[in-house]
Amino acid sequence: MSGAGPDFVAFDRVVETRLEGWTRELVEYLAIASEGGDPAGLRAAADWTADRLRRLGATVEILELPDAPPLVVGEVGDGPRTLNAVQHYDVQPAEPLELWTTPPYEPDIRDGRVWARGATDNKGELLPRVWAVEAWLEAHGPLPCRVRFLVEGQEETGSSALDALLDLRPSLREADAALIEGGGLDLSGRPTIVGGGKGIVVIELNLRTMTQDAHSSLSVVLPNAGHRLVQALATFWDAEGRPAVAGLDAGKRPPTPAQRETLARMDLRELDDIRAEWGVERFLGGLDGVAALEAATFETTLNVQGLWAGHTEATPKTVTPAEAHARLDIRIVPDQAPDEMIAAVRRHLDAHGYADVEIVAREGEPAWWTPPDHAVVTTAARVSEAVAGLEASIGISMPGTVPMHQVCARHRVPATSLGAGRADCRAHAPDENIRIEDLATATRITGRFLDAFARLPEVPRVP
Ligand SMILES: [Zn+2]
C-alpha cells in the first residue's frame with residue numbers, strides 16, 4: 001500500500017451495523033464453559049473458535065498434543081507483513097458462583113454490558129480482532145497484512161504446552177509483530193498501552209518431618225512440620241517484608257533510557273489509588289514515588305500464595321502435623337530464567353539449614369518486553385488515541401503474565417497490547433463484564449492498527 005490510508009468511514013459503518021449481531025455471537029461464545037482443566041468445555045470452545053475463524057475466511061489448523069488443549073491457528077490475508085494475534089479460549093474458574101449477579105455461563109446483557117465469565121478475558125478481546133478483520137474485508141477488500149490468530153486453551157493455567165505446540169509448526173513464530181491478548185482503557189477512557197508482561201515461576205515447598213501426624217502432647221519431642229516450614233519461610237523476607245533470597249536478580253537487564261523516561265512520565269497518583277484500594281498507609285520498605293513504580297516494574301517478586309499444614313477445619317484438633325506445604329510465585333523480568341530462580345531458592349534453603357524442604361516446580365514462563373518507544377507500541381498508542389480521543393499512557397509491562405515469550409522470543413518479535421478492556425471488567429472475579437460500546441471501540445482501534453502497522457517504514461526486531 002502507498003499514499004494516505006483509508007478514511008475508515010466505510011469501516012466504521014460496518015462496525016455500527018454489525019455490532020448487535022456480533023454481540024449475540026459473543027454471548028454464544030461465552031455460554032461455553034471452557035474452564036482450564038475441563039477437556040469437554042475446552043474442546044467445545046476450540047471448535048467454536050475454529051468455526052468462527054473459518055467463517056472469516058481464514059485457513060484454519062488445529063494443532064494437538066496429548067494432554068494439552070488444542071492450539072487453534074487461523075491465518076487470513078497476505079502481504080509482506082505478518083501480525084500474530086495471541087489469544088486464548090480458556091477461562092478462569094467461575095467460582096464462587098454465589099457472588100455472581102447472574103450465572104457465569106448464562107451471559108446477561110444489562111447496563112450496556114455483557115456479563116459472563118470470559119466477557120473480557122479473553123473472548124471479548126479476541127472477537128473484536130476477528131471483527132476488525134471482517135469489517136476490513138467488507139469495507140476495503142484484501143487485508144493490508146497477514147493476520148495469524150494463535151488461540152490457545154491453557155493460558156489461565158500456565159501455557160505449559162504452548163512452546164511444544166508451536167514447535168509443531170515453527171513457521172508460526174515467524175512474524176513482524178504480535179498482539180498481546182487484549183488491551184485497555186482506564187476508567188476515564190484513556191488508552192493504556194504496554195509492550196509485554198512479566199514472566200512467572202510457581203513452586204511448591206513440601207516438607208515431611210516424620211512418618212505420620214502425632215498426638216500434640218508429643219510435640220515437645222517430635223518435629224512439627226508446620227513449625228519448621230514457617231521457620232524456613234521466615235528467612236525468605238527481611239524485617240520490612242522485602243525478598244531476602246540471594247540470586248533473585250540473576251539475569252536481569254538494567255532499565256534502558258527509554259524505560260526510565262517512561263517511568264518518569266507515569267502517573268504517580270496510581271500509587272495513591274493502590275494504597276486507598278487496599279487500605280494501607282505505606283508500602284513495604286517505605287517505598288514511594290518513582291522508586292515504588294520502579295520496584296513494581298523491575299523487581300522480581302517472591303510471594304506466598306498459600307500455606308497449609310495439619311488441621312485447618314473450624315473445630316480444634318490436637319495434632320502435630322508430619323507434613324507442611326507452601327505455594328509461592330515469583331514474577332520475573334527480562335532476561336531472567338525460571339530455572340535460575342528455582343536454583344536460587346534451593347541454594348537459600350540449603351544455606352539456611354533447610355535441605356529437607358523439597359521444591360516442586362509447577363509453572364515457569366519467562367518475561368517478554370518490547371521497548372516502550374518501539375514503533376509497534378507507539379503505533380498502538382497513536383491509533384488508540386485516534387479512536388478514544390484521549391492521549392494514551394504507555395507503560396513498560398503488564399504486572400501479570402502473558403505467553404509472549406513463547407511466541408516472540410525466538411525471532412525477537414515486538415509485541416503490543418491493543419484493545420478496550422477496562423479496569424472494572426472484573427477479569428478473573430465474579431461479575432466479569434465488558435461494555436458493548438468498548439467492543440466497538442476495540443474493533444475500530446484494531447482496524448486502524450492493521451492499516452498503520454502495514455504502512456510502517458520498518459518494524460525493527462527487539463534488541
Ligand atoms: Zn487472559
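1. Helix α1, residues 9–30, is a sensible place to begin in this predicted model. Its 22 residues, at 1.5 Å each, should span 32 Å, and its end C-alpha atoms are 30 Å apart, which agrees. The helix is nevertheless not straight throughout, since α1 bends by about 55 degrees at L19.

2. The buried residues of α1 are F11, V14, V15, W22, L26, Y29 and L30. As a general matter, an α-helix has 3.6 residues a turn, so residues three or four places apart point the same way. The partners against which the buried residues of α1 pack are α2, the strand β5 (113–115), α3 and the helix α12 (436–455).

3. Helix α2 covers residues 39–55, and its 17 residues should span 24 Å at 1.5 Å a residue; the end C-alpha atoms of α2 are 24 Å apart, which agrees. Just after this helix, G57 adopts a positive phi of about 95 degrees.

4. Which residues of α2 are buried? They are G41, L42, A45, A46, T49, A50, R52 and L53, so that a reader who inspects the helix will find R52 listed as buried alongside L42 and L53. The cover over the buried residues of α2 includes the strands β1 (59–63), β2 (71–76) and β6 (146–152), together with the helix α3 (123–140).

5. Turning to the whole chain, the protein has 12 helices and 21 strands, and 44% of its 463 residues count as buried. Among contacts with a separation of 6 or more, 80% are accounted for by residues 24 or more positions apart.

6. For overall dimensions, a compact globule of 463 residues would have a radius of gyration near 23 Å, and the protein has 24 Å, which agrees. The C-alpha trace spans about 80 × 50 × 45 Å along its principal axes, and a colleague may wish to read this beside the domain division in the next point.

7. The domain assignment gives domain 1 as 9–197 + 367–455 and domain 2 as 199–252 + 300–364, so both domains are assigned as two segments of the chain. The C-alpha centres of domain 1 and domain 2 lie 36 Å apart.

8. How many residues of domain 1 are in contact with domain 2? There are 6 residues of domain 1 in contact with 7 residues of domain 2. On the side of domain 1 that touches domain 2, the residues divide into 2 nonpolar and 4 polar, with no charged residue among them.

Definitions and conventions:
Residues numbered from 1 in each chain as written. Predicted model: local features only at pLDDT ≥ 70, side-chain atom pairs only at ≥ 80, totals over all residues. Helix = DSSP H or I, 4+ residues; strand = E, 2+ residues; numbered from the N terminus. Expected span 1.5 Å × (residues − 1). Buried ≥ 20, exposed ≤ 12 C-beta atoms within 10 Å, placed from the backbone. Contact = placed C-beta atoms within 7 Å. Bend = angle between axes of the 7 residues up to and from the residue. Rg over C-alpha atoms; globule rule 2.2 N^0.38 Å. Nonpolar A, V, L, I, M, F, W, Y, C, P; charged D, E, K, R; others polar.
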